[in-house]
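This briefing is for a reader who is new to the structure. Please look over the sequence and the model first, then read the points below.

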Amino acid sequence: MELLIAGKVLGSHNLKGEVKVISDLDNIEVLVGNKVILELTDSQQKLLTIKKIEHLVANKWIFSFEEIKNKQDTIEIRNANIKVRRDIVGIGEDEYLISDMIGFKVYDVKGDEYLGEITEIMDTAAHDIYVIESEEFETMIPDVDVFIKNIDFENKKMLVDTIEGMKEPKVKK
């Protein structure tokens with residue numbers, strides 16, 4: 001069973017171990033009582049049980065997990081992706097959400113140049129923006145037909161047409 005990214009932990013909400021989560025799922029409350037996988041930023045995973053979900057504002061929610069008891073416990077799960085089985089939220093194998101595109105390999109149609117992987121999808125008032133990262137570059141591409149030429153869900157690949165200014169060298173730390 002393929003997993004779906006249901007949301008992302010933004011950070012702690014209070015001293016009791018609740019966390020703020022951003023999610024675009026319409027029926028996120030169906031996750032209460034279910035086990036989810038948290039994919040941590042260091043590529044490790046945690047299996048947690050959702051105890052309670054409350055709406056905060058817009059697409060932000062407050063999650064309580066059975067295993068998280070205090071604010072200190074939330075530090076480790078900050079920025080983690082919350083992954084669930086697709087069938088729990090009613091998404092079929094042949095249906096896709098925008099968050100399913102995290103990890104897609106992106107190529108420029110001009111010369112089939114590899115740009116990197118989609119690491120983030122920013123939600124703006126006008127349209128989503130795909131953030132693509134490679135070792136040396138960060139590329140931001142608006143989800144507009146003039147730039148997005150093909151999305152291959154089966155092979156997790158996207159073809160794009162870039163213009164000058166979209167691809168920027170990463171700042172060395």
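Which residue takes a positive phi in the hairpin of β1 and β2? Glycine 17 does, with a phi near 95 degrees, and the hairpin has 6 residues between its strands. The model is a predicted one. The domain assignment gives domain 1 (1-86) and domain 2 (96-167). The points below cover the domains, the barrel, the open sheet and the two largest pockets.

**Domains**

- The centres of domain 1 and domain 2, taken over C-alpha atoms, are 26 Å apart.
- Contact between the two domains involves 6 residues of domain 1 and 7 residues of domain 2.

**The barrel**

- A barrel is closed by 6 strands, which follow the order β1-β2-β5-β4-β3-β6 with antiparallel pairing.
- From one strand to the next, the twist averages 45 degrees.
- β1 runs antiparallel to β6, and 5 bridges join the two. Glycine 7 has isoleucine 82 in β6 as its bridge partner.
- β1 also pairs with strand β2 (residues 19-22), in the antiparallel sense and over 4 bridges. Here lysine 8 stands opposite isoleucine 22 of β2.
- Strand β4 (residues 45-57) and strand β5 (residues 60-65) form an antiparallel pair with 6 bridges. Valine 57 lies opposite lysine 60 in β5.

**The open sheet**

- An open sheet is formed by 7 strands in the order β11-β12-β7-β8-β9-β10-β13, and its pairing is mixed.
- At the edges are β11 (148-152) and β13 (167-169), each of which pairs on one side only.
- Neighbouring strands in this sheet are turned against each other by 30 degrees on average, direction ignored.
- Strand β10 (residues 137-142) is joined to β13 by 3 bridges, and the two run antiparallel. Glutamate 138 has its bridge partner in β13, namely glutamate 168.

**The largest pocket**

- The largest pocket holds about 870 Å³ of space.
- It is lined by 29 residues, and those closest to its centre are Lys8, Asn81, Ile102, Glu120 and Ile121.
- At least two residues of this lining come from each of β1 (3-12), β6 (81-85), β8 (113-123) and β9 (128-133).
- Domain 1 and domain 2 each supply at least three residues to the lining of the largest pocket.
- Sorted by class, the lining of the largest pocket contains 12 nonpolar, 9 polar and 8 charged residues.

**The second largest pocket**

- The volume of the second largest pocket is about 190 Å³.
- Its lining includes Glu2, Leu3, Leu4, Ile5 and Lys83, along with Tyr96, Ser99, Asp100, Ile102 and Phe104. Phe153 and Lys156 are also among the residues that line it.
- With 3 residues, β1 gives the most to the lining of the second largest pocket.
- By class, the lining of the second largest pocket has 7 nonpolar residues, 1 polar residue and 4 charged residues.
- Where does the second largest pocket lie in relation to domain 1 and domain 2? It lies between them, because both domains give residues to its lining.

How values were computed
Residues are numbered from 1 along each chain as its sequence is written. This is a predicted model: local features need pLDDT of at least 70, side-chain atom pairs count only at pLDDT 80 or more; totals for chains, interfaces and linings use all residues. Side-chain values use heavy atoms; hydrogens and water are left out. On a 1 Å grid over the protein atoms alone, a cavity is a set of points where a 1.4 Å probe fits but cannot get out, and a pocket is an open set with protein on both sides within 12 Å along at least five of seven lines; lining residues have an atom within 4 Å of a point. Grid points are joined across faces, edges and corners, and a volume is the space filled by probe spheres set on the points. Ala, Val, Leu, Ile, Met, Phe, Trp, Tyr, Cys and Pro count as nonpolar, Asp, Glu, Lys and Arg as charged, and the others, Gly among them, as polar. Domain bounds come from an automatic or database domain assignment. Two strands pair if DSSP finds at least two bridges between them. Axes are lines fitted to C-alpha atoms, for helices over the stretch in contact, and angles run from 0 to 180 degrees between N-to-C directions. Contact means heavy atoms within 4.5 Å.
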